[in-house]
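Dear colleague,

Please find below the structure that I agreed to hand over to you. I should be grateful if you would keep it open while reading the notes that come after it.

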Amino acid sequence: MTDKIYYNGNIIKREDAKVDIEDRGYQFADGVYEVVAFYQGEPFTLEEHMERLVFSAGEIDIETPSAETLIKEAKNYMQETGYADRNAKLYVQVSRGVASRSHAYPDGLEPVIIMKAGPLNPNPEEYFQEGVKIITLPDERWSRCYIKSIALLPNILAKKKAKQADAYEAVMSRDGFITEGSSSNIFIVEDDTIITPPATNYILNGITRQTVIDRLAPELGYEVIEESIPYYTLLKAEQVFLTGTTTEIMPVVQINDKVVGDGKVGAETKEIFKAFRELTGFVRGK
Ligand SMILES: Cc1ncc(COP(=O)(O)O)c(C=O)c1O
């Protein structure tokens, strides 16, 4: 649908956007990224995403333009695409830049910043109404998962295993405690209490996660407790849901072969999903 790409400050034709063979993002997965949802052309939490992008880049010693500049550039780019008033997904990537291949990067490289708009491709409505299955796997990632790095090998392998098991997501655990999904955060509801693992270095602090904690749960009169969740607590939780930019608020009704609660989407999960939809203003088919 879009034939335009943002490439280091310029908006160019898709066919003119080329990756240099010595781009460090291509050779080393040396870069960071964001995915932002636009609902009927309106960005959702764009500021938070761009601030996290600048933060992630800083954590790996890449200097980017300011979040304010990136926000302006992103809005301007989206206007130039066919998605100006539609539901869309914006992918933003910053790679360290182009240099002759060598593990240690030279100083002063110019980062390569690209943006690409695409359709939002929301999950089918029945997933939200009826819930989905997840599988569990060991967390085999590095210990700096709070950085939104483009190095996603463990995540893509985990997601593929989930698909092969007819599941929506793979939720990982480390040292007996659950961390997060391959591209989502996880919450459980137990005795009317909403619990999610704390935002340590072992998870990406999702912007949807933070939206639930700071906005949706308090507005609905719930408190969210951030504490480590043992793997076995997950297996006996009454309700489980996932959060993420494209995941939205996704109820989980099966973990591996085990049914969660009574197998139906629980009341708190339903309320949070409804509040999230109201906040984003999502209209299917736009
Ligand atoms: C590993 C991981 N955790 C959590 C999330 C959810 O983050 P957000 O809500 O900011 O999309 C993502 C999103 O891609 C992710 O890749």
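The following paragraphs describe the ligand and its surroundings.

Please note that this is a predicted model.

Where does the ligand sit? The ligand occupies the largest pocket. Both domain 1 (4-119) and domain 2 (125-280) contribute residues to the shell around the ligand, and the ligand therefore lies between these two domains. Three elements, α2 (46-59), β9 (177-181) and α6 (207-219), each provide at least two residues of this shell.

The ligand has 18 residues around it, and those that come nearest are K148, E180, I207, T208 and T245. Sorted by class, the shell consists of 11 polar, 4 charged and 3 nonpolar residues.

Several individual contacts may be located in the view. In K148, a polar side-chain atom is 2.9 Å from an oxygen atom of the ligand. The side chain of E180 has an N or O atom that lies 2.7 Å from a nitrogen atom of the ligand. I207 uses its backbone instead: one of its N or O atoms there is 2.8 Å from an oxygen atom of the ligand. On its own, the ligand has 390 Å² of accessible area, of which the protein covers 93%.

Yours sincerely

Terms used
Residues numbered from 1 in each chain as written. Predicted model: local features only at pLDDT ≥ 70, side-chain atom pairs only at ≥ 80, totals over all residues. Heavy atoms only, no water. Near = heavy atom within 4 Å. Polar contact = N/O pair within 3.5 Å; in protein donor to acceptor, adjacent residues only side chain to side chain. Areas by Shrake-Rupley, 256 points an atom, 1.4 Å probe, with all protein chains shown as cover. 1 Å grid on protein atoms, 1.4 Å probe; cavity = no way out; pocket = protein on both sides within 12 Å on 5 of 7 lines; lining within 4 Å. Sits in = over half its atoms within 2 Å of the grid points. Helix = DSSP H or I, 4+ residues; strand = E, 2+ residues; numbered from the N terminus. Nonpolar A, V, L, I, M, F, W, Y, C, P; charged D, E, K, R; others polar. Domains from an automatic or database assignment.
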